[in-house]
Amino acid sequence: MLKAESQKDVLMTGWLLALAALIGTSLMVVVNWHSKPYIAENERLVLLRSLNSVISPDTYTNNILNDVLTVQDQNLLGSKEPILVYRARMDTKPVAAALTVIAPNGYNGNIYLLVGIDFSGHITGVRAVKHQETPGLGDAIESQRSPWIDSFNKKSLTNPTKARWKVKRDGGDFDQFTGATITPRAVVGAVHKALIYFKKNRKLIFTSPNVVNTNNS
Amino acid sequence: MSDVTIKNIIKQGLWSKNQALVALLGLCPLLAVSSTAINGLGLGVATLATLILTNTVVAVIRNWIRTEIRIPMFVIIIACVVTAIELLMSAHFHDLYLILGIFVPLIVTNCAIIGRAEAFASKNKVMHSALDGLMMGLGFTLVLVTLGIVREIIGYGTIFGNANLMLGEWASVLTVTIFQNYDGLLFAILPPGAFMGLAVLIALKNKIDRTQEERKKVSDGIGVSFEINKA
């Protein structure tokens, strides 16, 4: 390896490093340019897959990713930031909506949920999209870990009644997990609040215009 | 400097200088991602690809690197290679990319990579350096997969669970469920379990090495006394 000896050498060394940085960065620009469309499509498919896990794809015909609304209600939706609501329609008839609500009272921070509710106010599906709950304990809210999250299907504000929209330990109908009550309690609460929000705002949810403008078909 | 031969490069990468069991480098990603066999395999392959590429590039330009800036040069090369791998993985193997999460960009911090660039690739021919990258990467991957299998059996009761996410739908045949309805030993999945698992593997390797040394001593001893008798 060469060793810098004179002042000229030191300068050359500096330029060499700058050149290397320039070449490296340029290569990254090329790789990024190539990858960008693939990554965008992959992320779109991941989102579509998770939406289809809470609203059955045979129940709607619209482009659900392009039929989006933002709403805000810190108390019922769990965040002071606006959240997204995806609308599913069969032709023009509203079928269901998927709300990206948050349970702020998880054991270890926010639990991000996707709650699918059909037009009549019944749950079509719930999924925990992102969370930091304890592995092996609270993570039973994940659908791959346990079928617990499916116990919300078909429930509504009247089934069960308000007093029973809690975990069994609090006098309600929903199971908790052995060794983890806080996590299921948070999720049950958030799903219930999503149902309440939906009932109060159903017209707004389905008639408000789309806020998303993407170029995907 | 030791003999740089093909045989030595292979032996060192897989065993005598195994980065995970001997040099103890790259432990952060190793311990975090080896909770299942497939995760370990995924990270292992990404690390292997990185090692081959960075060792090759460093060896190609080794005669033009000024020694004063060699460390920042290595860092630029490694960071670019890993960034490229991350972008290409997200573009073409997105499900695996989601599983490996933050650990793909963290390959940059794997000291084994800059370690080999400094210790080997900057001083050896391109072919040898590429082979060293391959062998070191393979050695690392073997430890990742072994640890992954052990932790997965104890922690989840399966082997190669979710294989279809990395290798395609056909791979679901690889998934073996050892214990049905197994609640799993949580310890194995969390970091302390990883430390314990790695410790056991290192201890095993040291035991094997020691046993081999003893055997060699005995056979050498017999050889010497035979020679003495002959004389």
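This is a tour of a predicted model with chains A and B, stop by stop, saying what to select and what is there.

**Chain B as a whole**

Begin by selecting chain B alone, where 10 helices and 2 strands can be picked out. If you follow the chain along its sequence, these elements come in the pattern α-α-α-α-α-α-α-β-α-β-α-α. The C-alpha trace of chain B spans about 70 × 50 × 30 Å along its principal axes, and 43% of its 231 residues count as buried. Among the contacts in chain B that join residues at least 6 apart in sequence, 77% are between residues at least 24 apart.

**Helices α1 and α7 of chain B**

Next, select residues 6-16 and residues 126-155 of chain B, which are helices α1 and α7; these pack with their axes 7 Å apart and at an angle of about 30°. Since an angle under 35 degrees counts as roughly parallel, α1(B) is therefore roughly parallel to α7(B). The contact is made from the α1(B) side by B:Ile6, B:Ile9, B:Ile10, B:Gly13 and B:Leu14, and from the α7(B) side by B:His128, B:Leu131, B:Asp132, B:Met135, B:Met136, B:Leu138 and B:Gly139. If you colour these residues by class, you will find 8 nonpolar, 3 polar and 1 charged. The crossing of the two helices, α1(B) and α7(B), is right-handed.

**The loop after α1 of chain B**

From α1, move on to B:Leu24, which lies in the loop between α1 and α2 (27-33) of chain B. Check its backbone here, for phi of B:Leu24 is near 55°, a positive value in a residue other than glycine. B:Leu24 counts as partly exposed because it has 14 C-beta neighbours inside 10 Å.

**Where chain B meets chain A**

Now bring chain A back into view and select the residues at which the chains touch: 24 residues of chain B are in contact with 20 residues of chain A. On the chain B side, α4 (70-92) and α9 (186-189) each supply at least two residues, and α4(B) gives the most, with 12 residues. By class, this side of chain B has 13 nonpolar, 7 polar and 4 charged residues.

To look at the part played by α4(B), select it together with helix α1 of chain A (residues 7-54); the axes of these two helices come within 8 Å and cross at roughly 10°. That angle makes α1(A) roughly parallel to α4(B). Among the residues of α1(A) that take part in this contact are A:Leu17, A:Gly24, A:Val31, A:Tyr38 and A:Asn42, while those of α4(B) include B:Pro72, B:Ile76, B:Cys80, B:Leu87 and B:His92. The residues of the contact of α1(A) with α4(B) divide into 16 nonpolar, 7 polar and no charged.

**A hairpin in chain A**

Stay with chain A and select strands β5 (residues 109-118) and β6, which run antiparallel and are joined by 6 bridges. The two strands form a hairpin with 4 residues between them, and in the turn A:Gly121 has a positive phi of about 90°. To see how the strands are matched, display A:Leu114, which stands opposite A:Arg127 in β6(A). Strand β6(A) covers residues 123-130 and is largely enclosed by the rest of the structure, because 6 of its 8 residues are buried.

**Loops of chain A**

Two loops of chain A complete the tour. In the loop between β2 (83-90) and β3 (93-99) of chain A, select A:Asp91. Phi of A:Asp91 is near 60°, which is a positive value in a residue other than glycine. A:Asp91 counts as exposed because it has 8 C-beta neighbours inside 10 Å.

Finally, go to the loop between β6 and α3 (182-207) of chain A, in which A:Pro160 lies. The peptide bond leading from A:Asn159 to A:Pro160 is cis, with omega near 0°. The loop between β6 and α3 of chain A also holds A:Gly172, and a C-alpha to C-alpha distance drawn from A:Gly172 to A:Pro160 gives 8.6 Å for residues that are 12 apart in sequence. Leaving aside residues up to four places away in sequence, A:Gly172 touches A:Arg164, A:Trp165, A:Lys166 and A:Val167. With 19 C-beta neighbours inside 10 Å, A:Gly172 counts as partly exposed.

Key
Residues are numbered from 1 along each chain as its sequence is written. Chains are lettered from A and ligands numbered from 1 in the order in which they are written. This is a predicted model: local features need pLDDT of at least 70, side-chain atom pairs count only at pLDDT 80 or more; totals for chains, interfaces and linings use all residues. Axes are lines fitted to C-alpha atoms, for helices over the stretch in contact, and angles run from 0 to 180 degrees between N-to-C directions. Angles under 35 degrees count as roughly parallel, over 145 as roughly antiparallel, 65 to 115 as roughly perpendicular and the rest as oblique. A crossing is left-handed if the near helix is turned anticlockwise from the far one by less than a right angle, and right-handed if clockwise. Two residues are in contact if their C-beta atoms, placed from the backbone, lie within 7 Å. Ala, Val, Leu, Ile, Met, Phe, Trp, Tyr, Cys and Pro count as nonpolar, Asp, Glu, Lys and Arg as charged, and the others, Gly among them, as polar. A residue is buried if 20 or more other C-beta atoms lie within 10 Å of its own, exposed if 12 or fewer, and partly exposed in between; C-beta atoms are placed from the backbone. Two strands pair if DSSP finds at least two bridges between them.
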